[in-house]
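Please work through the following exercises with the sequence and the coordinates at hand. Each task is followed by a solution in steps.

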Amino acid sequence: MNPLAAGRFRPASPCGRPVNWAATGRLGGGSVVPFDSLNLSTTVGDDQNTVLANQLSVAALVGASELHILDAKHGSQVGLASHAGIARGCDGVVTTVPGLGLLALAADCVPIVLADPGAGVIAAAHCGWRGLTAGIVEATVSAMRAQGAITIQAITGPAICVHCYPVQQDCIDQLRDGLTPEQFLSVSHKIGSQWHVDVRSGVHRQLAQQDVQFSSVDRCTFEDSSLFSYRRDGRTGRQGMMIVL
């Protein structure tokens, strides 16, 4: 099984540790329809043993001995992980433990991995439009800095693009109320008479405002059939972004 994308954050000094990351798609696992095949979520109705086998196979992609997995709730809570498990109620998780992989799941929202290899601090986060207003990006970066991170880099994973993400007026109203004017303009777009939201652009703007350098696995989950998309398919699986120190 090959990852959708993979790479390494390299430390600026020889004292730091390289940090591996990978993004998965929906191909290469053992799950059957409608979770075919590399579903990584145990909460969508898939066979639990198959999902655990899928998770073990993707942990091996980044060299993780065990995984701590986000249980995203579209909020701003960030956990500190020291062993394998579930970050319950958290949309962000931070660790300084070598070998412990962090996994953010998504099927249209934006999964994010972050690292300061020199300081030995990594994080994973999940952000949809509610996460933009809740401040999960800022909360995750703050939690990393509390553990000693200084120079943070990030990569955003596959997510639904602005053209495929029409929203209702109440979503636009909440974004206007919860974001700065500059942030609101970066995420809200009117195409014809229909409002659309660009969550990835909002995440990137919030990362930049936190002095975080970033790049992106710029693939649209709705358009790309090799990715899970809740908006396109309804009942479906979740792909992930992983990182390990």
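The exercises below concern a predicted model, and they treat strand pairing, burial, an aromatic pair and cysteines.

**Exercise 1. The open sheet**

Determine the order of the strands in the 6-stranded open sheet, its edge strands, and the helix that lies across strand 2, strand 3 and strand 14.

Solution.
1. The 6 strands of this open sheet follow the order 1-2-14-7-3-5, with mixed pairing.
2. Strand 1 (5-9) and strand 5 (85-88) are the edge strands, each paired on one side only.
3. On average, neighbouring strands of the sheet are turned by 20° against each other, direction ignored.
4. Within the sheet, strand 2 (residues 19-23) and strand 14 (residues 239-244) run antiparallel and are joined by 4 bridges. Ala-22 stands opposite Met-242 of strand 14.
5. The helix is helix 1 (residues 48-62), which lies across strand 2, strand 3 (66-71) and strand 14 and runs at about 45° to strand 14.

**Exercise 2. The surroundings of Asp-71**

Establish whether Asp-71 is buried or exposed, and find the backbone nitrogen that its side chain reaches.

Solution.
1. Asp-71 belongs to strand 3.
2. Its relative accessible area is 18%; the limit for burial is under 20%, so Asp-71 is buried.
3. The backbone nitrogen is that of Gly-89, which the side chain of Asp-71 reaches at 3.2 Å.
4. With neighbours within four places in sequence left aside, Asp-71 is in contact with Ile-86, Ala-87, Arg-88, Gly-89 and Cys-90.

**Exercise 3. Cysteines**

Count the disulfides, and explain why the sulfur atoms of Cys-220 and Cys-161 are not bonded.

Solution.
1. A disulfide is a covalent bond between the sulfur atoms of two cysteines.
2. The count of disulfides is 0.
3. Cys-90 is in no disulfide, and the nearest cysteine sulfur, in Cys-127, is 15 Å away. Cys-90 is buried, with a relative accessible area of 4%.
4. For Cys-220, the closest cysteine sulfur is that of Cys-161, at 3.7 Å. The cut-off is 2.5 Å, so this distance is too far for a bond.
5. Cys-220 is buried as well, at a relative accessible area of 8%.

**Exercise 4. Strand 8 and its partners**

Identify the strands that pair with strand 8 (residues 110-116), and decide whether its two faces are covered or open.

Solution.
1. Strand 8 and strand 9 (residues 121-127) pair in the antiparallel sense over 7 bridges. Ala-124 of strand 9 is the bridge partner of Val-113.
2. The hairpin of strand 8 and strand 9 has 4 residues between the strands, and its Gly-120 takes a positive phi near 70°.
3. Strand 8 also runs antiparallel to strand 10 (residues 153-156), to which 4 bridges join it. Opposite Val-113 stands Ile-155 of strand 10, and opposite Ile-112 stands Thr-156.
4. Strand 10 in turn is joined by 4 bridges to strand 13 (residues 213-216), in the parallel sense. Here Ala-154 has Phe-214 as its bridge partner.
5. In strand 8, 7 of 7 residues are buried. Both faces are covered: Val-110, Ile-112, Leu-114 and Asp-116 are buried on one side, and Pro-111, Val-113 and Ala-115 on the other.

**Exercise 5. Helix 6**

Describe the start of helix 6 (residues 199-209) and the contacts of Arg-200.

Solution.
1. At the start of helix 6, a side-chain oxygen of Asp-198 comes to within 3.4 Å of the backbone nitrogen of Arg-200.
2. Arg-200 lies in helix 6 and counts as buried, at 9% relative accessibility.
3. Beyond its neighbours within four places in sequence, Arg-200 is in contact with several residues, including Val-110, Thr-156, Ser-216 and Asp-218.
4. The buried residues of helix 6 are Val-199, Arg-200, Gly-202, Val-203, His-204, Gln-206 and Leu-207.
5. After the helix comes Asp-211, with a positive phi near 60°.

**Exercise 6. The aromatic pair**

Classify the geometry of the aromatic pair formed by Phe-184 and Trp-195.

Solution.
1. The count of aromatic pairs is 1.
2. The ring centres of Phe-184 and Trp-195 are 6.5 Å apart and the planes stand at 50°, so the pair is tilted.
3. This pair links distant parts of the chain, with Phe-184 in helix 5 (residues 181-187) and Trp-195 in strand 12 (residues 194-197), 11 residues apart.
4. Phe-184 counts as buried at 9% relative accessibility, and Trp-195 is buried at a relative accessible area of 16%.

Key. Residues are numbered from 1 along each chain as its sequence is written. This is a predicted model: local features need pLDDT of at least 70, side-chain atom pairs count only at pLDDT 80 or more; totals for chains, interfaces and linings use all residues. Side-chain values use heavy atoms; hydrogens and water are left out. Rings of Phe, Tyr and Trp (its six-membered ring) pair if their centres lie within 6.5 Å; planes under 30 degrees apart count as stacked, over 60 as edge-to-face and the rest as tilted. Buried means under 20% relative accessible area, exposed over 50%, partly exposed in between (1.4 Å probe, protein chains only). Two strands pair if DSSP finds at least two bridges between them. Axes are lines fitted to C-alpha atoms, for helices over the stretch in contact, and angles run from 0 to 180 degrees between N-to-C directions. Contact means heavy atoms within 4.5 Å. A polar contact is a pair of N or O atoms within 3.5 Å; within protein, one must be able to donate a hydrogen and the other to accept it, and residues adjacent in sequence count only if both atoms are side-chain atoms.
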